[in-house]
Amino acid sequence: MRSKTPLPQLYPGRSRARRKHAFFALALAGVLTVSACGSNSSSDDTPESPSGGGANGTVGVILPETATSARWESFDKPMLQSALRAEGFDADVQNAQGDVQKFSTLADGMIAKGVKVLIIASINSEVGGAVAAKAKRAGIPTIDYDRLNLGGSSDYYVSFDNVRVGELQGQALITALKDKPGAQVVEIEGAPTDNNATLFHEGQQKALRPLYDSGALKLVRSQAIDGWDNQKGGSTFEQILTGNGGKVDGVVAANDGLAGAVITVLKKNGLNGKVPVTGQDATADGLKAILRGDQYMTVFKPIRDEAQAAAKLAVALAKGDTAGADALAQAVSQDPKGKRTVKSVLLTPQTVTRAEVKQVTDAGFVKPADICGGDLQAACAELGIS
Ligand code: GAL
């Protein structure tokens, strides 16, 4: 991570009000990040509450899938369980495995059970919006977790500054290609049904568009991948590469799962390690690819901070403490489909290249044992990762 608490970077074009809120959100996020140091070990050490959880009832959590990113089961699930129990709740954390019908059925069960709050990281805005409406009719507050449901009705949204995530990816690729004027770039993007993918792409373009326009870089193709499907991401990239005469100089991959699929294709063409590839989520596979030199960077999002923010917001909502909830969610996010502004907690993401991998393991997010085996022992020793 380049810096513990990057100065809040405000984006031109935002309204003054949003800038103020963004400033406070980022400052708050900065404090959260420093205090938690992104310490994100999946065997989280958050102390159980005296009542051992449960006294305040149950909070339901529905995660979207597993195949697209290791984060949901490796990090979000254990950290949400810890954070919610530390706030005196039982945590019922389920995963919809990418199936919208299952997502809806899981929600029905939790609503029928009378959860105090429902936290949803939705597969798409349609199912997320329908679930939030159903919960509202049952008098259950909902929090959009990590992904904003466009046209939805959750009063609060907890995530990272996802435009910033994309900006970090774009800026990193520009750095990696700085000695290659006219370098040819392929963009392999996330699911068009995931508002985060839209925001990642928006941030990437803030960095890359001026260089595309000037000719300093050449965009071969930008392609969104349905469902973040890693297999599809690899085959799509292969088609683009073939169509471009086997030529590519840099790849924007929107997360580590897609980056891994791209690297597999680059390996088949003897290009891995020669073509910088971006990623996101600081997964063990992503960090290993960075240590091998096959992936240039990932974006570390301290999921424990995200889980803790969601848990604290759930406490306020369970008590009907709107002022308390508003005091936590001082940023705002736009929902262009619902034509509404959503009160948000937007946390700070961090760039991780080879030099910063140690900071991710030191933060306890990924264990050294998960990435330093076999051919990577020497790399870990060289970088002081143990
Ligand atoms: C996004 C999430 C990312 C990424 C992707 C795939 O919405 O914010 O962390 O991993 O989903 O699951």
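In this predicted model, an oxygen atom of the ligand lies 2.4 Å from an N or O atom in the side chain of Asp281. Two further side chains approach the ligand through atoms of this kind: an N or O atom of Asn196 is 3.0 Å from a ligand oxygen, and for the side chain of Lys301 the separation between such an atom and an oxygen of the ligand is 3.0 Å. Taken alone the ligand would expose 300 Å², of which the protein buries 100%.

That burial can be set beside the place the ligand occupies, for the ligand sits in the largest cavity. Helix H2 (71–86) and helix H6 (195–214) are the elements that contribute two or more residues to the shell around the ligand. Altogether 15 residues surround the ligand, and the closest are Thr68, Asp146, Arg147, Asp194 and Asp281. Sorted by class, this shell is made up of seven charged, five polar and three nonpolar residues.

At the level of domains, the ligand lies between domain 1 (17–161 + 302–348) and domain 2 (162–300 + 351–383), because both of these domains give residues to the shell around the ligand.

Conventions:
Residues are numbered from 1 along each chain as its sequence is written. This is a predicted model: local features need pLDDT of at least 70, side-chain atom pairs count only at pLDDT 80 or more; totals for chains, interfaces and linings use all residues. Side-chain values use heavy atoms; hydrogens and water are left out. A residue is near a molecule or strand if one of its heavy atoms lies within 4 Å of it. A polar contact is a pair of N or O atoms within 3.5 Å; within protein, one must be able to donate a hydrogen and the other to accept it, and residues adjacent in sequence count only if both atoms are side-chain atoms. Accessible areas come from the Shrake-Rupley method with a 1.4 Å probe; for residues, only the protein chains shown count as cover. On a 1 Å grid over the protein atoms alone, a cavity is a set of points where a 1.4 Å probe fits but cannot get out, and a pocket is an open set with protein on both sides within 12 Å along at least five of seven lines; lining residues have an atom within 4 Å of a point. A molecule sits in a cavity or pocket if more than half of its atoms lie within 2 Å of its grid points. Helices (H or I, at least four residues) and strands (E, at least two) are DSSP runs, numbered from the N terminus. Ala, Val, Leu, Ile, Met, Phe, Trp, Tyr, Cys and Pro count as nonpolar, Asp, Glu, Lys and Arg as charged, and the others, Gly among them, as polar. Domain bounds come from an automatic or database domain assignment.
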